[in-house]
Amino acid sequence: MMNHTLKNPCKVSPGTIIKGKWHGNQYTIIKELGFGANGVVYLAKGRNGQVALKMSTNGMSITSEVNVLKSFAKVQGTSTLGPSLLDVDDWEVNRSKISFYVMDYLQGIDFLSFIEQKGKSWMPILILQLLNDLANLHDNGWVFGDLKPENLIVTGPPPKIRCIDVGGTTVRGRAIKEFTEFYDRGYWGLGSRKAEPSYDLFAVAMIMINTAYPKRFKKTIGGLKQLTEAICQKPELTKFNKVMIKALQGHYSTAIQMRTELLAKLTQPKQDDRKQPSAVPITKKSNKSVKSSPPLSRQHYRKTKKRKGWMDFFVILALLGALYGFYIFTKLL
Amino acid sequence: MYTGKLRQVLLITDGCSNQGEDPIAMAALAKEQGITVNVIGVMEHDVIDEKGMTEIEGIAASGGGISQIVYAEALSQTVQMVTRKAMNQTIQGVVNRELQQILGRSKTMEDLPPEKRGEVMEIVDELGETVDLEVLILVDTSASMKTKLPTVKEALLDLSLSLNARTGENLFSVYAFPGKRADVEKLLDWTPNLQSLTSIFSKLSTGGITPTGPALRAALSSFNQKPSLRSLLASDDESYFEESM
């Protein structure tokens, strides 16, 4: 019922002026940016320049998205998670009421087109950025939920990945609000639909698969087997297959774990790929945690950190010594 | 009226009823008992005729629920979406009634300024996560549904996966119509898990008439029988939810 009537009132033509009932702000529609199950997003001109305006006849979904964006705004340093919220209001037209909210307009290209244009080498880099943002999101008690390339754009330069649709963002521990089958671990029979960090990390691995299969694929036998085969058939993915398979199995409990291991794969010298066995004890070259499990590589990380810590210590000591010497020197004069 | 438990009927069909009482009237009867009726119309390559469409929309409208026509491939996504949406709609209805009591008549959530609406929405979200849910699934197994039944099974398993991720309790019951002997046949009694459907569905025979109305009536009576049995076990649970309101 709702869905039949949903699309029409929200379809407005360029030039339409949207006036808020409560706050009185006016927005002129420039063009449509996209639409989803819960409404349409437009590029619009507000008093202070271009904005993105999302409207829906389903006031509930608008309100709950606004709640998510508001809670992002409260947390320090989460500005990269989603666009920032500028206004929330209702637009009364033809005796019906359409709820809308206004956010920053993030100008960029969608994730898959960006990789197609700039080359596959960008894929892991953007994924690293995404994992960082997800770690931040998870730390603040949220799970993104409906993570898919359509909800990611790359802004810049410098290229930076941004999440644009918070419609599926769910409080940790609850049931995922919105999902898309291909990126949903429940669909593949690989886990529950509980909002936990590993749910998003599964989707990240599926996004990586998606870059090699732009048209996606259907579930045949399902499960880990089908996905593993899909990874093994594409040389650009095999390099990361260990990390991806661990993510698909839900073995990472934090985004940072996955990020650390992905980064290790990337920085690993190419010729060392196979030759250096795991039996070799940890040497100075910090890059080869090829076979190591997550705790090992973290230890590794701590080691390099410790070494750096000593360096800092000596530099500061020398500096203080010099200053003290100078102080004594001036006193003596 | 609100017992801290949501009751829904989910009717999955592909066309028009052709025997017995008017299903739209039966849906209205369900609504009177506080049970929401949602309808999903499944198409394959063919389209559902005008008459079937009108009936599907009519049942949902008078049953206070949601209707959706989908292709068989999109069934899983739709079944869970419709159930959730209907659940939220019911909760929102309850919250609106509470608001009316506080703020006076004709005030609903939509009449609040956007800032206040957010706070109310948090309550709606919270309830959607924690409320107990009973879903009675009514599957049309008339001849034309035969090829769609494996997809229906997948969709129902997917539904239980989605709902069981919630904190609240879920109970499912599955009925097929027409049954072997009667208008409707019980496939699965109230259970929190739909996993056992797999074996039942493979044995299911299809064919015959489409007695949607009588099936709905029979299904409703199953809601009425059960609580007396279950209330012995879960009585303290219910009072907890009333407090949390």
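Begin by selecting helix α3 and helix α5 of chain A: F111(A), L112(A) and I115(A) of α3(A) meet I207(A), N210(A) and T211(A) of α5(A). Of the residues in this contact, four are nonpolar and two polar, with no charged residue. The model is a predicted one, and the tour returns to its confidence values below.

Keep both helices displayed and draw their axes. Helix α3 (residues 111–118) of chain A and α5(A) have axes that come within 10 Å and cross at roughly 45°. The two helices are therefore oblique to each other. The crossing in which α3(A) passes α5(A) is right-handed.

Next, add helix α4 (residues 122–139) of chain A to the selection. Its axis and that of α3(A) come within 9 Å and cross at roughly 145°. On the α3(A) side, select F111(A), F114(A), I115(A) and K118(A); they meet W122(A), M123(A), L126(A) and I127(A) in α4(A). Seven residues of this contact are nonpolar and one is charged, while none is polar. F111(A) and I115(A) deserve to be labelled, since they appear in the contact with α5(A) and in the contact with α4(A).

From α5(A), proceed to the loop between α5 and α6 of chain A, where R216(A) is placed. What is the phi of R216(A)? The value is near 60°, which is positive in a residue other than glycine. For context, most residues other than glycine have a negative phi.

Beyond that loop, select helix α6 (residues 223–232) of chain A together with helix α8 (residues 241–248) of chain A; their axes are 11 Å apart and the packing angle is about 160°. α6(A) and α8(A) are therefore roughly antiparallel to each other. α6(A) passes α8(A) in a right-handed crossing. To show the contact, select L224(A), L227(A), T228(A) and I231(A) of α6(A), with N241(A), M244(A), I245(A) and L248(A) of α8(A). This set comprises six nonpolar and two polar residues, and no charged ones.

Two peptide bonds come next. In chain A, centre the view on G156(A) and P157(A), which are joined by a cis peptide bond with omega of about 5°. P157(A) belongs to the loop between β9 (152–155) and β10 (160–163) of chain A. In chain B, go to F177(B) and P178(B): the peptide bond from the former to the latter is also cis, and its omega is near -5°. P178(B) is located in the loop between β5 (170–177) and β6 (185–191) of chain B. In general, most peptide bonds are trans.

Now zoom out and colour chain A by domain. The assignment gives domain 1 (2–104) and domain 2 (108–270). How many Å separate the centres of domain 1 and domain 2 of chain A? Taken over C-alpha atoms, the separation is 27 Å. Across the boundary, 16 residues of domain 1 of chain A contact 15 residues of domain 2 of chain A.

Finally, recolour chain A by pLDDT. The chain averages 83, and 84% of the residues score at least 70. Among the elements of chain A, α5(A) (residues 197–212) has the highest mean pLDDT, 95, and helix α10 (residues 272–275) of chain A the lowest, 46. Two stretches should be selected here. Over residues 1–7 of chain A the pLDDT is below 50, and this stretch has 15 contacts in the model beyond near neighbours in sequence. Residues 271–299 of chain A also have a pLDDT below 50, with 28 contacts beyond near neighbours in sequence. Where pLDDT is low, the predicted coordinates should not be read in detail.

Key: Residues numbered from 1 in each chain as written. Chains lettered and ligands numbered in written order. Predicted model: local features only at pLDDT ≥ 70, side-chain atom pairs only at ≥ 80, totals over all residues. Heavy atoms only, no water. pLDDT = per-residue confidence, 0-100. Helix = DSSP H or I, 4+ residues; strand = E, 2+ residues; numbered from the N terminus. Contact = heavy atoms within 4.5 Å. Axes fitted to C-alpha atoms, helices over the stretch in contact; angles between N-to-C directions. Parallel < 35°, antiparallel > 145°, perpendicular 65-115°, else oblique. Left-handed = near helix turned anticlockwise from the far one by under 90°. Nonpolar A, V, L, I, M, F, W, Y, C, P; charged D, E, K, R; others polar. Domains from an automatic or database assignment.
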